[in-house]
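This report follows the aromatic residues of one chain and then turns to its cores, a helix, a buried acid and the cysteines. The sequence and the structure come before the discussion.

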Amino acid sequence: MTSNPMPTPPSRSIRIGGRFRGPAGSGNGGYTAGRLASFVGSEVPVTVTLRRPPPLDRALDVRAAGVGAEGVELWYDDLLVASAAPGAFVGGLVEAVDFGSASAARSAYRGATNHPFPGCFVCGPAREPGDGMRLAPGIVAPGRTACVWVPEPSLVTGDYGSLASAEFAWAALDCPGGWTADLEQRPLVLGRMTALCETPPRIGRPHVLVGRLLGEEGRKTFTATSLYDDGRLVGRAEHTWIAVDPAPFNTARS
C-alpha cells in the first residue's frame, strides 16, 4: 500500500472555503470529512461523523477528542461540527466497471435535471468546469452507479504537483454513493463516512468511481463506493446518509 503523502503536519485550524460547498451554505460532506481525517492519519480507515452542517468561510478549531485519544473533533465556537477517529470497513469492495460503461453512465445521471443541491462542489450541475468536480454518477444497474473523474490541476496537493490532495479523493468517494438511492424523491445529506485513500489520485488521469446501495433503515441510507485508476484501487468508502428536507439548505446563503 502506498500512503498518501503528508509532507507537513496539518494546521490545528481549518476553513472550508465557499467553493467546497455541498448543500447551499454548508461544506460538502466528503470534502469536510477528508480535511478532518487528515488529523487522524492516512494509513488506516478513518471514520468521520458529521454532527451539523459544516459552516463555510469560518475558522474551525480541531481539538483532541480527549486526553490520550486518537480521535479529533471539529468545533465552530461552542458547536461540535464533526468528529473523526480510526475506523474499519464492514463490507467488501464495490467492484469496478470498465471505462466505457462508466463514461456512458453520464447519460443516466438523474441529478443533471433534478438535483436537490445543484451547487454541490462534487456533483452539482450548476457548477462550472474547473470550479466544481462535476461528477455525473449514473445508474448502471439497480442500486449501482458509476462515473468518470479526471482530477484537474486546481486539486493538486501542495508539494506533489502531479497528485490530487486526499480530501478530494474523499469528496469524489462521497456523492456516487448517495446517487445509488432515489435522491430526487428522498434527498440525503452525509451523516458518517469511513474512507481510506490507498494512493493519491493522479492529476489529469481518468479514474472510474463506482457506488453501491447497501440498504435503508428509517431516515438512514447505507452505501459504499470505490475509486479506481485503470483497474487499480485508489480509495474506498462506506457511508451513512440522513434523509432531510432540502428547503432550509437551498434557502441558505452560501
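Phe20 counts as buried because its relative accessibility is 13%, where buried means under 20% relative accessible area, exposed means over 50% and partly exposed lies in between, with a 1.4 Å probe and protein chains only. The model is a predicted one, in which local features need pLDDT of at least 70 and side-chain atom pairs count only at pLDDT 80 or more, whereas totals for chains, interfaces and linings use all residues. Residues are numbered from 1 along each chain as its sequence is written, and side-chain values use heavy atoms, with hydrogens and water left out.

**Aromatic pairs**

Rings of Phe, Tyr and Trp (its six-membered ring) pair if their centres lie within 6.5 Å, and planes under 30 degrees apart count as stacked, over 60 as edge-to-face and the rest as tilted. By this rule the count comes to 7 aromatic pairs, including the two in the table.

| Pair | Type | Centre to centre | Angle between planes |
|---|---|---|---|
| Phe20 and Phe121 | edge-to-face | 5.0 Å | 85 degrees |
| Tyr31 and Phe168 | tilted | 5.7 Å | 40 degrees |

Phe20 and Phe121 are 101 residues apart and link distant parts of the chain, with Phe20 in the loop between strand S1 (13-15) and H1 and Phe121 in the loop between helix H2 (99-104) and strand S6 (138-141). Helices (H or I, at least four residues) and strands (E, at least two) are DSSP runs, numbered from the N terminus. Phe121 has 0% relative accessibility and therefore counts as buried. Tyr31 in helix H1 and Phe168 in helix H3 (residues 166-172) are 137 residues apart, and this pair likewise links distant parts of the chain; both Tyr31 and Phe168 are buried. Ring pairs link Phe20, Tyr31, Phe121 and Phe168 into a cluster.

**Helix H1 and the cores**

Helix H1 (residues 29-37), which holds Tyr31, is mostly covered, with 9 of its 9 residues buried. At its N-terminal end, Asn28 acts as a cap, with a side-chain oxygen 3.1 Å from the backbone nitrogen of Gly30.

A nonpolar core is a set of buried Ala, Val, Leu, Ile, Met, Phe, Trp, Tyr and Cys residues joined through side-chain atoms within 4.5 Å. The largest one has 52 residues, and those with the most contacts inside it are Leu36, Val48, Met133 and Trp149. Leaving aside neighbours within four places in sequence, Met133 is in contact (heavy atoms within 4.5 Å) with residues including Phe121, Trp149 and Phe168. Another core, of 7 residues, lies apart from this one and has Ala102, Ala146, Val208 and Tyr228 among its members.

**Glu238 and its surroundings**

Glu238 is placed in strand S13 (residues 232-243), and its 10% relative accessibility is why Glu238 counts as buried. A polar atom of the Glu238 side chain lies 2.9 Å from the backbone nitrogen of Gly91. Not counting residues up to four places away in sequence, Glu238 touches Phe89, Gly91 and Arg192, among others. Arg236 lies over the face of Phe89, at 3.9 Å from the ring centre; a charge sits over a ring if NZ of Lys or CZ of Arg is within 6 Å of the ring centre and within 35 degrees of the ring normal.

**Cysteines**

With a disulfide defined as a pair of cysteine sulfur atoms within 2.5 Å, the count comes to 0 disulfides. Cys120 is in no disulfide, and the nearest cysteine sulfur, that of Cys175, is 3.8 Å away. Cys120 is buried, with a relative accessible area of 5%. Cys147 is also in no disulfide, the nearest cysteine sulfur being that of Cys123 at 9.2 Å, and Cys147 counts as buried at 1% relative accessibility.

Methods: Polar contact = N/O pair within 3.5 Å; in protein donor to acceptor, adjacent residues only side chain to side chain.
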